[in-house]
Amino acid sequence: MLFLRAQSFAERLRLGIAVIHGEAQDAESDLVDGRHSPPMVRSVAAIHPSLEIPMLIPKEKPPITVVGDVGGRIAIIVDDIIDDVDSFLAAAETLKERGAYKIFVMATHGLLSSDAPRLIEESAIDEVMGPG
């Protein structure tokens, strides 16, 4: 759904489109409150050859990847909600590394929990926009 919205913006503005996929690395807060994405995987550890103990280890997350050319362009990240901003910050940093010279975030709902406003202010994101 979000891709279609982004594609619609690109068509209306007669611009190209790039896609970001992957996930930011776990933040410490994810470990504390139990949010693990993707879910943890079962493994076994052997203390003794006859004794196996099941362990849970997190799956490795795919790195953030940009498909499309953003070099020398303005990047607009479109999402439905901004709450925990770690993924936006990681995406913006990746876009900046790929040559985007301005980065805007558009979202329908800006909850901005915890210290999100300060983190956005200190990040590669130039502006956050929402309806209204």
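S114 sits out in the open: its relative accessible area is 73%, which makes it exposed (over 50%, against under 20% for buried and partly exposed in between, with a 1.4 Å probe and protein chains only as cover). The place of S114 is the loop between β6 (102-110) and α4 (116-121), helices (H or I, at least four residues) and strands (E, at least two) being DSSP runs numbered from the N terminus. Its phi is near 55°, a positive value in a residue other than glycine. Most residues other than glycine have a negative phi.

All of this comes from a predicted model, in which local features need pLDDT of at least 70 and side-chain atom pairs count only at pLDDT 80 or more, while totals for chains, interfaces and linings use all residues. Residues are numbered from 1 along each chain as its sequence is written, and side-chain values use heavy atoms, with hydrogens and water left out.

R14 tells a similar story. This residue lies in the loop between α1 (2-13) and β1 (19-21), and it has a positive phi of about 55° although it is not a glycine. R14 is exposed, with 79% relative accessible area. A positive phi also turns up just after α3, where G99 takes a value of about 105°.

As for the overall build, the protein has four helices and seven strands, running α-β-α-β-β-β-β-α-β-α-β from the N terminus on. Of its 132 residues, 23% are buried. The protein exposes about 9,100 Å², and carbon and sulfur atoms supply 57% of that area (Shrake-Rupley method, 1.4 Å probe). Among contacts (heavy atoms within 4.5 Å) with a separation of 6 or more, 64% link residues 24 or more positions apart.

Now for the pairing of the strands, where two strands pair if DSSP finds at least two bridges between them. β5 (74-82) and β6 run parallel and are joined by eight bridges. Along this pair, V78 has M106 in β6 as its bridge partner, and D79 stands opposite A107 in β6. β6 also pairs with β7 (residues 127-129), again in the parallel sense, over three bridges. M106 shows up here too, standing opposite M129 in β7.

Helices connect these strands. β5, α3 and β6 make a right-handed β-α-β unit, and so do β6, α4 and β7. Right-handed here means that, with the strands pointing away from the viewer, the path from the first strand over the helix to the second runs clockwise.

The helix of the β5-α3-β6 unit has twelve residues, which at 1.5 Å a residue should span 16 Å; the end C-alpha atoms of α3 are 17 Å apart, which agrees. The expected span is 1.5 Å times one less than the number of residues. Buried in α3 are F88, L89, A91, A92, T94 and L95. An α-helix has 3.6 residues a turn, so residues three or four places apart point the same way. The cover over the buried residues of α3 includes β1, β4 (65-67), β5, β6 and α4.

The largest nonpolar core has 19 residues, of which I77, L95, I103 and I125 touch the most other members. Such a core is a set of buried Ala, Val, Leu, Ile, Met, Phe, Trp, Tyr and Cys residues joined through side-chain atoms within 4.5 Å. β5, α3, β6 and α4 each supply at least two residues of this core, and α3 gives the most, with five. L95 touches I20, V66, V70, A75, I77, A100 and I103, leaving aside residues up to four places away in sequence.

Back near the loops, V85 is found between β5 and α3 (86-97). Unlike S114, which is exposed, V85 counts as buried, at 1% relative accessibility. Leaving out residues up to four places away in sequence, V85 touches L112, A116, L119 and I120. The C-alpha atoms of V85 and S114 are separated by 9.6 Å, the two residues being 29 apart along the chain.
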